Every structure is written in C-alpha cells, then in structure tokens.
Amino acid sequence: MATDCFADLIEPFSRRGVDLGLGRLQSALADLGHPERCFAAVQVAGTNGKGSISTLVHRSLLAAGIRAGLYTSPHLVSWTERIRPGAEPIAPAVLRRHLLTARASAETHGLTPFELVTAAAFLAFAEAGCPLVVLEVGLGGRLDATTCHPGREVIGFASVGLDHREFLGPDLASIAGEKAGVLQGGSVAVSGPQAPAVAAVLEAAAAAAGADLRWRPPLARQADGRLMIGDAWGDCGLAGAVQAVNGAVALGMLEALTERGWVIPMAAVREGFAAARWPGRLQQLQRHGVPLLLDGAHNPPAAEALRRELAEQPDRHGLNPGPRCWVIGMLANKEGPAILETLLAPGDRAWIVPVPDHSCWSRATLVEAAPALAPQLMEAAELQAGIAAAHSAAGGRRVIVAGSLYLIGSLLAASE
C-alpha cells in the first residue's frame with residue numbers, strides 16, 4: 001500500500017492488530033461527545049459484495065438529494081478513500097484534524113487502527129452535517145467498530161462465505177452468527193440468496209432480535225449489464241453478473257428507507273446505480289502499454305465469482321478465449337491453494353508475487369500445500385516483474401491481476 005500522510009497518527013496503534021470488541025470505541029466516543037448520535041445510519045455486513053452494495057446505496061441517496069456519508073474498508077491507495085462525507089473522499093487535512101482530535105481518547109482506551117479511523121469518520125460525518133451514513137462492516141459484525149452506531153434501522157447482508165475464520169469461526173454457521181450480530185430490534189434487514197446454513201442462522205437471529213428479515217431475489221439482468229430497477233431497465237456502473245444480487249439488496253435497503261420517510265425516487269435510484277464505481281473489482285486498465293484486468297478475489301467465494309464471470313462473459317472484460325496469464329499475490333492468512341485451484345483453468349499460468357508490506361504465500365509454500373499446481377506456477381520478485389513476465393507469455397493479451405486488494409492497491413498507487 002502507498003505511504004500517505006497519516007502513518008504518524010495511525011501506525012502507533014497497530015500494535016493491537018485485529019482485536020474485535022465494542023467497549024473501547026464506545027468509551028472513546030463518549031469522550032468525544034458521541035458524534036455517532038448526530039446522524040442516522042444504515043449498515044452493510046457480509047463477506048463479499050459489501051462495498052458494492054454500500055456504494056450503490058450511497059450513490060442513490062446522493063442522487064435523491066440527500067447528503068449521505070459513506071464509510072468503507074479497506075482502502076486501495078489512501079485512508080481518505082474510506083470516508084466520504086458526501087460525494088468525494090474526505091480531504092487529507094480534514095482527516096488529519098479528526099485523527100488528532102481522537103488521538104488522546106484512542107490512547108486512553110487502547111483503540112485499534114480501525115477503531116481510531118472509525119472514530120475519526122464519525123467525527124467527520126457529524127461535522128459535515130450528514131443526515132444519513134452508509135456503514136460497511138469491517139470484519140464480522142457483532143463486534144465490529146461500525147456496530148457502535150446505535151441506530152442502524154436498515155441493514156443489508158451481502159453474500160456470506162468462508163473468510164477470516166481465525167476471527168469469526170470455523171464454518172459458515174459460525175461466521176453467519178457473527179455477521180448476524182448486527183441485527184437490532186425493529187430493524188429491517190435485507191438479504192439476497194444465501195447458502196442454506198447461512199439463511200438458517202439469519203432467520204433465527206432476526207427472530208431472536210425482533211428484526212424484519214426480507215429476502216430478495218436477484219434483479220433481472222440483461223447481457224449488457226443493465227438491471228431491472230423498479231419497473232424500468234437501468235445502467236449499473238459496477239461490473240459483473242453478481243451485481244444482480246448486490247443490486248437487489250441495495251434496492252431493498254433503499255425501499256426500507258423510503259418506508260421510514262426518506263424521499264428516494266426510483267429515478268434517483270437508477271441514476272445512483274449508473275453512477276456507482278468501485279475500483280479494483282473487474283477493473284480494466286492499461287499500465288505501460290500492458291492491458292490488465294484487476295480483481296481482488298481475496299477469498300474462495302470471491303475467486304469462484306471471478307472464475308464464473310470470466311467463463312460466462314469473457315468479452316465484456318477484454319479477454320480472449322484460451323489459456324490465460326495471471327499475476328497473483330495472496331496474504332498468508334488466506335486460503336491460497338483453494339483460491340488458485342478455483343481461479344486457474346487447465347493451461348493457465350500464474351506468476352506468484354509478494355504483496356508489499358505483508359506476509360504472503362510464495363510459490364514454494366503453495367507448491368508444498370498443493371503439489372498439483374506446480375506446473376502452472378511461476379514466481380516473480382515483485383509485482384511489476386510479474387506483470388512483465390506474464391505479458392510476454394500472454395503474447396500481448398490481457399493479464400489478470402488478483403488475489404489481494406492490497407496487491408491491487410499497490411498497483412494503483414504506483415500508477416499515479
């Protein structure tokens with residue numbers, strides 16, 4: 001990831017690492033005058049698709065004339081990407097000011113970096129006068145910092161899959177239980193199709209919490225990516241067939257907000273869907289003359305979605321038939337062999353590269369864990385060398401870069 005101007009304020013808190021819990025941040029927010037009580041919020045939980053749902057909702061609210069905020073994670077290049085007190089990311093000087101405001105309480109209560117940034121985000125949204133904020137859960141849900149907001153009356157569930165098992169539990173039911181912990185009495189929750197084990201947990205948790213859980217089928221989708229939004233077809237600025245599911249959840253959340261008095265015309269929803277952008281997900285670009293397709297695909301469900309997308313609509317992503325060349329970097333705590341086994345078709349080749357500033361899988365550790373992959377795996381010392389080697393082997397065809405959003409972020413940062 002690129003170094004930005006916040007390392008001096010955020011890095012000192014990194015010693016805590018991931019440490020889920022609400023108490024520390026709740027105490028810090030009390031010290032800060034409870035900025036989280038100054039705005040209403042909706043929350044998006046799940047494993048894959050949270051960011052897409054969040055940006056679809058946010059852009060629709062903006063199109064409806066509501067100065068909505070957006071809080072997401074992780075960022076690709078700068079911490080400012082995480083906080084939008086309106087249409088644009090927060091200004092660096094403003095984020096620095098809010099981090100400085102929160103620092104004393106953060107030190108007193110031992111906040112994690114994510115909790116510190118969440119406190120700064122809440123301060124920013126309160127100061128900007130945002131009446132409504134879209135909060136994307138960082139990790140899990142029940143003990144995630146965003147859950148410190150007390151009034152999340154509308155909640156969306158993205159697809160729940162196996163990821164972060166070291167924190168959330170060994171199986172789908174355990175993970176779903178942590179995600180479902182965001183439910184509140186009287187809230188409306190919206191979900192697209194889920195695995196049976198996940199659906200059962202969500203149903204039971206909603207009943208126990210006194211929440212109204214609404215299931216939504218995927219939106220109808222045309223071959224060109226247009227979605228049936230309300231009673232008319234509309235463009236979607238986010239690529240991929242999975243947006244039919246994400247769009248259904250976003251639309252259900254917007255309809256629930258309308259029931260609560262927010263004025264969100266369907267024309268504004270269509271405008272918002274068309275304006276939505278989410279970099280690093282099925283993103284095409286050229287770098288030094290090399291055509292690239294970028295997609296995080298950082299866990300097995302995301303890898304399955306990418307493989308399915310490339311198999312069903314290769315032309316939309318600038319890909320030719322036949323074997324493909326990949327550049328892949330994966331964090332060591334991810335299920336590297338499973339991701340590769342999902343992504344790589346017979347004849348595909350992948351250059352394994354390190355993810356800057358992170359412990360990650362190497363070709364040697366991957367081959368040790370999955371010997372059958374050895375003939376398809378090469379290694380490069382760093383990302384640019386991997387791209388150059390894959391581009392040469394691909395004969396000028398598009399190279400796919402995947403495996404970690406941090407890897408994508410380092411590429412985008414170097415492109416600026």
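Here are some exercises with worked solutions on the structure above, which is a predicted model.

**Exercise 1. Work out how the 7-stranded open sheet is put together, and which helices go with it.**

Step 1: get the order. Reading across the sheet, the strands run 3-2-4-1-5-6-7, and the pairing is mixed.

Step 2: find the edges. Strand 3 (83-84) and strand 7 (212-215) are the edge strands, each with pairing on one side only.

Step 3: zoom in on one pair. Strand 6 (residues 188-191) and strand 7 run parallel and are joined by 4 bridges. Within that stretch, Ala189 stands opposite Leu213 in strand 7.

Step 4: add helix 5. Residues 113-128 make up this helix, which packs on the sheet and touches strand 2 (68-71), strand 3 and strand 4 (132-136). The direction of helix 5 makes about 175° with that of strand 2.

Step 5: add helix 9. Helix 9 (residues 243-259) lies across strand 1, strand 4, strand 5 (152-157), strand 6 and strand 7. Relative to strand 5, helix 9 runs at about 165°.

**Exercise 2. Do the same for the open sheet of 6 strands.**

Step 1: the order is 10-11-15-12-13-14, again with mixed pairing.

Step 2: strand 10 (283-287) and strand 14 (377-379) sit at the edges, each pairing on one side only.

Step 3: look at the turn between neighbours. On average, neighbouring strands of this sheet are turned by 30° against each other, ignoring direction.

Step 4: take the pair at the strand 10 edge. Strand 10 and strand 11 (residues 290-295) pair in the antiparallel sense over 5 bridges. One residue pair to look up here is Arg287, with Val290 in strand 11 as its bridge partner.

Step 5: place the helix. Helix 11 (residues 300-312) packs on the sheet and touches strand 11, strand 12 (325-328) and strand 15 (399-402). The angle between the directions of helix 11 and strand 12 is about 160°.

**Exercise 3. Decide whether Asn48 is buried or exposed, and describe its surroundings.**

Step 1: locate the residue. Asn48 is in the loop between strand 1 (40-45) and helix 3 (50-63).

Step 2: apply the cut-off. Buried means under 20% relative accessible area. Asn48 has 16% relative accessibility, so it counts as buried.

Step 3: list the contacts. Leaving out residues up to four places away in sequence, Asn48 touches Ala158, Ser159, His298, Asn299, Pro301 and Ala302.

Step 4: look for polar partners. The side chains of Asn48 and Asn299 make a polar contact at 3.0 Å.

**Exercise 4. Describe the surroundings of Ala374.**

Step 1: Ala374 is in the loop between helix 13 (363-369) and strand 14.

Step 2: setting aside neighbours within four places in sequence, Ala374 is in contact with Arg363 and Val367.

Step 3: check a distance. Ala374 and Ala364 are 10 residues apart along the chain, and their C-alpha atoms are separated by 8.9 Å.

**Exercise 5. Find which residues line the second largest pocket and the largest cavity.**

Step 1: start with the pocket. The second largest pocket holds about 290 Å³ of space. Of its 16 lining residues, the closest to the centre are Glu81, Arg84, Arg277, Trp278 and Pro279. Helix 3 gives the most to this lining, with 3 residues.

Step 2: turn to the cavity. There is 1 cavity of 30 Å³ or more, and the largest cavity has a volume of about 70 Å³. The residues lining the largest cavity are Gly318, Leu319, Asn320, Pro323, Arg324, Cys325, Ala394, Arg397 and Arg398.

Definitions and conventions. Residues numbered from 1 in each chain as written. Predicted model: local features only at pLDDT ≥ 70, side-chain atom pairs only at ≥ 80, totals over all residues. Heavy atoms only, no water. Helix = DSSP H or I, 4+ residues; strand = E, 2+ residues; numbered from the N terminus. Buried < 20%, exposed > 50% of the residue type's maximum accessible area, 1.4 Å probe, protein only. Polar contact = N/O pair within 3.5 Å; in protein donor to acceptor, adjacent residues only side chain to side chain. Contact = heavy atoms within 4.5 Å. Pairing = 2+ DSSP bridges. Axes fitted to C-alpha atoms, helices over the stretch in contact; angles between N-to-C directions. 1 Å grid on protein atoms, 1.4 Å probe; cavity = no way out; pocket = protein on both sides within 12 Å on 5 of 7 lines; lining within 4 Å. Points joined across faces, edges and corners; volume = space filled by probe spheres on them.
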